[in-house]
Amino acid sequence: MLSVNLKKLRKQRKISQDKLARLADLPYNTLVKIESGKSNNPTFETLSKLANVFNISIDKLTGRE
């Protein structure tokens, strides 16, 4: 669910993967792995950074709300 939500949010806001990685202060490869579903267990810090970029809760980002 995280990968689907992340990709949807990014595309809605017309942000490239590269730009999102920079905004969240994450390595580009980390973002690509999360968005492709190859990283099933990102750290809390990573989730927090991504949620902050979109100004949403981690629960909403991960589809738990």
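Biologist: Let's start with Ile 56: which residues does Ile 56 touch, not counting residues up to four places away in sequence?

Modeller: In this predicted model, the partners of Ile 56 beyond those sequence neighbours are Leu 9, Ala 51 and Leu 61. A contact here needs heavy atoms within 4.5 Å.

Biologist: And what makes the largest nonpolar core a core?

Modeller: Its members have to be buried nonpolar residues, joined through side-chain atoms within 4.5 Å. The largest such set has 16 residues, and those with the most contacts inside it include Ile 56, Leu 61, Leu 50 and Phe 54. Helices α1 (2-12), α2 (17-23), α3 (28-36) and α4 each supply at least two residues of this core. The largest share, 4 residues, comes from α4. In soluble globular proteins, nonpolar side chains tend to be buried together.

Biologist: Good, let's stay with α4. How do you know that its buried residues line one face of the helix?

Modeller: The buried residues there are Thr 46, Leu 47, Leu 50, Ala 51 and Phe 54. Looking down the axis of α4, they fall within an arc of 130 degrees, so they line one face of the helix. An α-helix has 3.6 residues a turn, so residues three or four places apart point the same way. Phe 44, Glu 45 and Asn 52 are exposed on the other side of α4.

Biologist: What do the buried residues of α4 pack against?

Modeller: They pack against α1, α2, α3 and α5 (58-62). Just after α4 comes Asn 55, with a positive phi of about 55 degrees.

Biologist: Thr 46 caught my eye on that list. Why is Thr 46 called buried?

Modeller: The cut-off is under 20% relative accessible area, and Thr 46 has 11%, so it counts as buried. Thr 46 sits in helix α4 (residues 44-54), and it touches Leu 26, Thr 30 and Ile 34, leaving out residues up to four places away in sequence.

Biologist: What makes the pairing of Thr 46 and Thr 43 a polar contact?

Modeller: Their side chains are joined at 2.9 Å, and the limit for such a pair of N or O atoms is 3.5 Å.

Biologist: Now Ser 3, please: buried or exposed?

Modeller: Ser 3 has 18% relative accessibility, so against the 20% cut-off it counts as buried. Ser 3 belongs to helix α1. Not counting residues up to four places away in sequence, Ser 3 touches Ile 34, Glu 35 and Gly 37.

Biologist: That leads us to α3. How do you know that its buried residues are on the same side?

Modeller: In α3 the buried residues are Leu 31, Ile 34 and Glu 35. Their arc around the axis is only 95 degrees, which puts them on the same side of α3. Their cover includes α1, α2 and α4. Gly 37, which follows α3, has a positive phi, near 85 degrees.

Biologist: Finally, the whole protein chain: what makes you call it as compact as a globular protein of that length?

Modeller: The chain holds 5 helices and 0 strands. Its radius of gyration is 10 Å, close to the 11 Å that the globule rule gives for 65 residues, so it is as compact as a globular protein of that length. Along its principal axes the C-alpha trace spans about 25 × 20 × 20 Å.

Biologist: And what fraction of the 65 residues is buried?

Modeller: Buried residues account for 35% of them. As for the exposed surface, about 4400 Å², carbon and sulfur atoms supply 46% of it.

Definitions and conventions. Residues are numbered from 1 along each chain as its sequence is written. This is a predicted model: local features need pLDDT of at least 70, side-chain atom pairs count only at pLDDT 80 or more; totals for chains, interfaces and linings use all residues. Side-chain values use heavy atoms; hydrogens and water are left out. Buried means under 20% relative accessible area, exposed over 50%, partly exposed in between (1.4 Å probe, protein chains only). A polar contact is a pair of N or O atoms within 3.5 Å; within protein, one must be able to donate a hydrogen and the other to accept it, and residues adjacent in sequence count only if both atoms are side-chain atoms. The arc is that of the directions from the helix axis to the C-beta atoms. The radius of gyration is taken over C-alpha atoms; the globule rule is 2.2 Å times the number of residues to the power 0.38. Accessible areas come from the Shrake-Rupley method with a 1.4 Å probe; for residues, only the protein chains shown count as cover.
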